[in-house]
Amino acid sequence: MDEARSNHTVYNINYHFVWCPKYRHSVLDEIEQSLETSFREVCDEYNYEILSLHISPDHVHLFISAHPKHSPSEIVRKIRSITAREMWQQHEHLLENYFWGGGFWEESYYIGTAGEVSSQTIEQYIERTDSMETLLSLKSVR
């Protein structure tokens, strides 16, 4: 991964996010295509570069690069709030069966930062995660 550049900044900042839908329901595979599209649109709009994305039935791995003016909490808040709103607009009939109290994403999430070497390791892990269980239980983070 090379450094990114803006007018006055050269940076290589990469974040690995992991989060789950509320109650850890395995519903994401049913809306995977529209959810992936939503992730890509949000990241394009805010200039976050998706390095790797994997949507499992009960959790999401998102590995992105972002300008240092964006805090990690701001990034995850924007992505989760916009994708949740869009999924409810597109899939209300399905989601109301799973999320009776409203909402879409669990409040908790994992974030890790990565440098050059570990970035490659994270990308490889996300690429292979199709058949693997998540590395963390977000319920134990609470």
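User: In this predicted model, what makes tryptophan 105 count as buried?

Analyst: The relative accessible area of tryptophan 105 is 9%. Buried means under 20%, so tryptophan 105 meets the criterion with its 9%. Phenylalanine 104 is likewise buried, with a relative accessible area of 2%.

User: How many aromatic pairs does the structure hold, and why is the pair of phenylalanine 104 and tryptophan 105 called edge-to-face?

Analyst: There are 12 aromatic pairs in the structure. In the pair formed by phenylalanine 104 and tryptophan 105, the ring centres are 4.5 Å apart and the planes stand at 75°. Rings pair if their centres lie within 6.5 Å, and planes over 60 degrees apart count as edge-to-face. The values of 4.5 Å and 75° satisfy both conditions, so the pair is edge-to-face.

User: Which residues do ring pairs link into a cluster?

Analyst: The cluster linked by ring pairs consists of Tyr15, Phe17, Trp19, Tyr23, Phe39, Trp88, Tyr98, Phe99, Trp100, Phe104 and Trp105.

User: What makes strand E3 largely enclosed?

Analyst: Of the 6 residues of E3, 6 are buried, so the rest of the structure largely encloses this strand. Asn14, His16 and Val18 point one way from E3, whereas Tyr15, Phe17 and Trp19 point the other way. In a regular strand, side chains alternate between the two faces of the sheet.

User: Which strands pair with E3, and in what sense?

Analyst: E3 pairs with E5 in the antiparallel sense over 6 bridges, and asparagine 14 stands opposite serine 65 in E5. E3 also pairs with E6 in the antiparallel sense, over 5 bridges; here phenylalanine 17 stands opposite isoleucine 111 in E6. Two strands pair if there are at least two bridges between them, so the 6 bridges to E5 satisfy the criterion, and so do the 5 bridges to E6.

User: What is the strand order of the open sheet, and why do E4 and E6 stand at the edges?

Analyst: The open sheet has 4 strands in the order E4-E5-E3-E6, with antiparallel pairing. Strand E4 (49-55) and strand E6 (110-114) each have a single partner strand, so one side of each is left without a neighbour in the sheet. From one strand to the next, the twist averages 15°.

User: How do you know that E4 and E5 are joined?

Analyst: Strand E4 is joined to strand E5 (residues 60-65) by 6 bridges, and the two run antiparallel. Leucine 53 stands opposite leucine 62 in E5.

User: Which helices pack on the sheet?

Analyst: Helix H1 (residues 32-45) packs on the sheet and touches strand E3 (14-19), E4 and E5, its direction making about 160° with that of E4. Helix H2 (residues 72-95) also packs on the sheet, touching E3, E5 and E6, and its direction makes about 45° with that of E3.

User: Why does serine 65 count as buried, and which backbone oxygen lies 3.1 Å from its side chain?

Analyst: Serine 65, in strand E5, has 8% relative accessibility. The cut-off for buried is under 20%, so serine 65 counts as buried at 8%. The backbone oxygen of isoleucine 13 lies 3.1 Å from a polar atom of the serine 65 side chain. Residues touched by serine 65 include Tyr11, Asn47, Tyr48 and Leu51.

User: What is the overall pattern of the protein along the sequence?

Analyst: The protein follows the pattern β-β-β-α-β-β-α-β-α-α, with 4 helices and 6 strands. Of its 142 residues, 46% count as buried.

Note on methods: Residues are numbered from 1 along each chain as its sequence is written. This is a predicted model: local features need pLDDT of at least 70, side-chain atom pairs count only at pLDDT 80 or more; totals for chains, interfaces and linings use all residues. Side-chain values use heavy atoms; hydrogens and water are left out. Rings of Phe, Tyr and Trp (its six-membered ring) pair if their centres lie within 6.5 Å; planes under 30 degrees apart count as stacked, over 60 as edge-to-face and the rest as tilted. Buried means under 20% relative accessible area, exposed over 50%, partly exposed in between (1.4 Å probe, protein chains only). Axes are lines fitted to C-alpha atoms, for helices over the stretch in contact, and angles run from 0 to 180 degrees between N-to-C directions. Contact means heavy atoms within 4.5 Å. A polar contact is a pair of N or O atoms within 3.5 Å; within protein, one must be able to donate a hydrogen and the other to accept it, and residues adjacent in sequence count only if both atoms are side-chain atoms. Lists of a residue's contacts leave out its neighbours within four places in sequence.
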